[in-house]
Amino acid sequence: MAFENLTSRIQTAMKNLSGKGKVSEGDLDETLREIRLALLEADVNLKIARSFIAQVREKALGAKVLEGLNPSEQIIKIVNDQLTDMMGAQAVPLNKSPKIPTVIMMAGLQGAGKTTTVAKLANKLKNDNHARPLLIAADVYRPAAIEQLQTLGRQLSIPVFDEGTDVDPRQIVKDGLKQADQEKNDYVFIDTAGRLQIDELLMQELKDIEKIAKPDEILLTVDAMTGQNATETAQGFNDALGITGVVLTKLDGDTRGGAALSIREVTGKPIKFVGEGEKVTDLDVFYPDRMASRILGMGDILSLIEKTQKDVDAKQAAAQLQKLQENSFDFNDFLDQLKQVQNMGPMEDMLKMIPGMANNPALAQVQVGPKDFAHMEAIVYSMTPAERLDPELLSPARRRRIAAGSGRPVIDVNKMIKQFKQMRQMMYKFTNGKGGLPAGMEDMLSGVDPSALGADPAQMGGMMPSFPNQGGFGGKVADFAMKRAFKKIQKAKKKRNKRRK
Amino acid sequence: MSLFDRLLGRKKDEETPQKTFLGKVKDALAPLSADEDQTLAENKPASTPQKPAESDSASSEDHYEAGLTKTRSSFAEKFQLLMANFRAVDENFFDELEETLIAADVGFEIALKISDELQDEVRLKNATSKKEVQETIIEKLVDVYDRAGNGEDNSMHMAAAGNPSVFLFVGVNGVGKTTTIGKMAQLYRQQGKKVLLAAADTFRAGATEQLVEWAKRDQVDVVTGKEKSDPAAVVFDAVKRAVDQHYDILFVDTAGRLQNNENLMRELEKMKKTITRQLPEAPQEVLLVLDATTGQNALQQARLFKDSTDVTGLVLTKLDGTAKGGIVLAIRQELHLPVKWVGLGEKVTDLAPFDADQFVYGLFKDLI
């Protein structure tokens, strides 16, 4: 089952449209069908997908064609705006009680990640706000749930209140709050046991705890991989407790996370945080716009559309770029690039941002670990300043020295230099405005030389034909993106040169 | 006899529920008690009575029925709603059918495929009345399900006598790996097996304690390692102990990991290699534990875990909720991985061997 991304889908649906200045109703319906399917594939609940499409349809029909955007871009923009809107236009902070303590209660199904979230959130408050949180362990059902919270508390030096598993959770909460009052803790977290929203007995327990603790914040924790069932879960918990916010966990997976939209729509409550990894620091505030592009599987193309709109004259920008061109891409630039790429996250994610690359099966072959970057860095660091500026200096003897210095085999050093040269060539092409996207992209990808990074180059090559943006809208956008990237390199270079002088 | 015919037959049998129920229990026990007889003969002559195991499985059958009620009724409900709105066999009708299937997490591609096939079938049979259409659809659905599972083996594989069988449990975070092991270990211990658990989740806080607690409840032994130590080392120790002390079954609990995290997937491969190096035939089973509430991502999970550890079967947990677990159908179609067990609740007895016929029967019982 090949998952196509929405961009290529819409492009297929709208192939016959390019050049037309207006979207007809028939064209629109076909496109909307594709969008609906993309939403369903992302696990957006059926009913919600349906109402969403209806809203987009209404807007799209009434919309005037914006200057500089072709019909497919226009529809993507409407879809994205609508999606972002529906998920709450901006991040919502944690509720805070006017007088201490602020009580935060967790709720959710089994295995959603409540305990982990409690630890992450408490840690965040402790570090960012110098908070003195207390964690109450009220999960008396799952074996070792209390030990889990205790261990986390110990690791983070945050106190945990527990009374073992033989005491009723209601009593534990009462006693825990009393202790928080005495100790003057400013935040209290209540970690509850996972439960099904249809389990009346356990839901009653939650309601009772809610009455006892009168929490300022009731956070529903939901697994981002949840399917169509997300609405039922969210509805169940919201009806029983009146949740105040949502935490979406396990977003570091490759799920599209359509559940986010479903939950938001059904409960009307904001998604406040997202869990993105197993470390205690892997908690981020929720960005509706990022989630929107993720659900649609469109990578960063949306933000590029936004930018195209703002930069009225892309031509002018290109001219500027030409002026800036200097064909002197050296190892310092290369190092710079490496660092930037590392800052942007894992390589796979980066590639996914390129339109048409998300969900590309060939992408699975590109396995670039953080270590590969570290190795490349080590090699560059083992060069003399002169060598970094002029790669032509690198004689075999020097290469052997660099290999010894960086602790890498000579083969790696050679590969890296080859990659570097390819990259430089591509730079040259681009800054001279000759490289159209397909050629440029190919060079860039070979610039990341998959063979050096553990992937098969043939498979990487195989990826090219599926690249959907041969000219047209996608091509233009991607072209633009590349140019922007190079502009950035040039800027960094200038800065560096200045510093040197 | 096709599965559909079998289901129709079963429906008729319902008139004498007592008999059917016993039959069901026997069916479910067949693979287990065969094994049990063997062990009893070899190891413990009549020391473990057969009775408790049987009554226990019987009660787990009850759970199966009760646990699935929610799942079943919501699918039946949705389907009946669809049929209630039935006016004519047209494009709209099939669109809605498609959506009903999608709402059960069946997945878009499969739903589309089924709906296309149905469209042909309904035309071929020239079905126009509501009843005819409904029957055709259900027959087709059952048929699709049956066909995809053709030749599937959902029994548990055991090692040759004298060697321990090793079951490796894998899956993403929070799906219920440890809980499943806790339940399954109890089941096998009651059958007279000597069971050992390996707490190879050295990463998550409290994971080892959780398994140790289950071991205490199940009265079985457990091998643990230090927090944050190499899980493969725990696996090594556990396999060694299982061989030296003649355990029948070793359950290996691993840390939850997301399938796109390469390093952790490699760690899993290493654990599997550690087992195979000591026992070339092992692990006899690599069970991927899936949360029934998971949507389309489950397919990706199945695919990537299969790649790294050669998964032999699935355990579908949390089926006692409102999720329909329709993704199983997609996994069946795509990867031909059989579901071997289903988790239906939090109690130790809430685990049942998966019976495909029964699952489908549960889904469609009220409709045929």
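Colleague: In this predicted model, which residues of the largest nonpolar core touch the most other members?

Modeller: The largest nonpolar core holds 179 residues, and B:Ala198 and B:Phe251 are the ones that touch the most other members. Helix 9 of chain B, residues 231-244, supplies the largest share of this core, with 7 residues.

Colleague: Which residues does B:Phe251 touch, if residues up to four places away in sequence are not counted?

Modeller: Its partners are B:Phe167, B:Phe169, B:Ile181, B:Met184, B:Ala185, B:Val195, B:Leu197 and B:Ala198. B:Ala198, the other residue that touches the most members of the core, is thus itself one of the partners of B:Phe251.

Colleague: Which residues are among the members of the other core that lies apart from it?

Modeller: That core has 10 residues, including A:Phe331, A:Ile379, A:Val413 and A:Phe420.

Colleague: Let us turn to the chains. How many helices and strands does each chain have?

Modeller: Chain A has 22 helices and 8 strands, while chain B has 13 helices and 8 strands. Of the 501 residues in chain A, 44% are buried; of the 368 residues in chain B, 52% are buried.

Colleague: What part of the contacts joins residues distant in sequence, at 24 or more positions apart?

Modeller: In chain A, residues 24 or more positions apart account for 76% of the contacts with a separation of 6 or more. In chain B, 77% of the contacts between residues at least 6 apart in sequence join residues at least 24 apart.

Colleague: How should the contact between the two chains be read, and how many residues does each chain give to it?

Modeller: The size of an interface is often given as the accessible area lost when the parts come together. Here the description is by residues: 34 come from chain A and 37 from chain B. On the side of chain A that touches chain B, the elements that give two or more residues are helix 2 (25-41) and helix 6 (145-156) of chain A. Helix 6 of chain A provides the largest share of that side, 4 residues. By class, the side of chain A has 13 nonpolar, 13 polar and 8 charged residues.

Colleague: Helix 2 of chain A also packs within its own chain. At what angle do the axes of helix 2 and helix 3 of chain A cross?

Modeller: Two packed helices are described by the angle between their axes and the distance between the axes. The axes of helix 2 of chain A and helix 3 of chain A, residues 46-62, come within 10 Å and cross at roughly 150°. Because of that angle, helix 2 of chain A is roughly antiparallel to helix 3 of chain A. The crossing of these two helices is right-handed.

Colleague: Which residues make this contact?

Modeller: Helix 2 of chain A contributes A:Glu25, A:Leu28, A:Leu32, A:Ile35, A:Arg36, A:Leu39 and A:Leu40. From helix 3 of chain A come A:Leu46, A:Ala49, A:Phe52, A:Ile53, A:Val56, A:Arg57, A:Ala60 and A:Leu61. By class, this contact has 12 nonpolar, no polar and 3 charged residues.

Colleague: I should like to inspect the backbone geometry as well. Which residues does a cis peptide bond join in chain A, and which bond in chain B is cis?

Modeller: Most residues other than glycine have a negative phi, and most peptide bonds are trans. In chain A, a cis peptide bond joins A:Ile100 and A:Pro101, with omega about -5°. A:Pro101 is located in the loop between helix 4 (71-86) and strand 1 (102-108) of chain A. In chain B, the bond from B:Ala282 to B:Pro283 is cis, with omega near -5°. B:Pro283 belongs to the loop between helix 10 (262-278) and strand 5 (285-291) of chain B.

Colleague: What is the phi of A:Lys214, and is that residue buried or exposed?

Modeller: A:Lys214 is not a glycine, yet has a positive phi of about 40°. A:Lys214 sits in the loop between helix 8 (200-213) and strand 5 (217-223) of chain A. A:Lys214 counts as exposed because 10 C-beta neighbours lie inside 10 Å.

Colleague: Where does B:His246 lie, and what is its phi?

Modeller: B:His246 occupies the loop between helix 9 and strand 4 (249-254) of chain B. B:His246, likewise not a glycine, has a positive phi of about 55°. With 12 other C-beta atoms within 10 Å, B:His246 is exposed.

Conventions: Residues numbered from 1 in each chain as written. Chains lettered and ligands numbered in written order. Predicted model: local features only at pLDDT ≥ 70, side-chain atom pairs only at ≥ 80, totals over all residues. Contact = placed C-beta atoms within 7 Å. Nonpolar A, V, L, I, M, F, W, Y, C, P; charged D, E, K, R; others polar. Core = buried A, V, L, I, M, F, W, Y, C linked by C-beta atoms within 7 Å. Buried ≥ 20, exposed ≤ 12 C-beta atoms within 10 Å, placed from the backbone. Axes fitted to C-alpha atoms, helices over the stretch in contact; angles between N-to-C directions. Parallel < 35°, antiparallel > 145°, perpendicular 65-115°, else oblique. Left-handed = near helix turned anticlockwise from the far one by under 90°.
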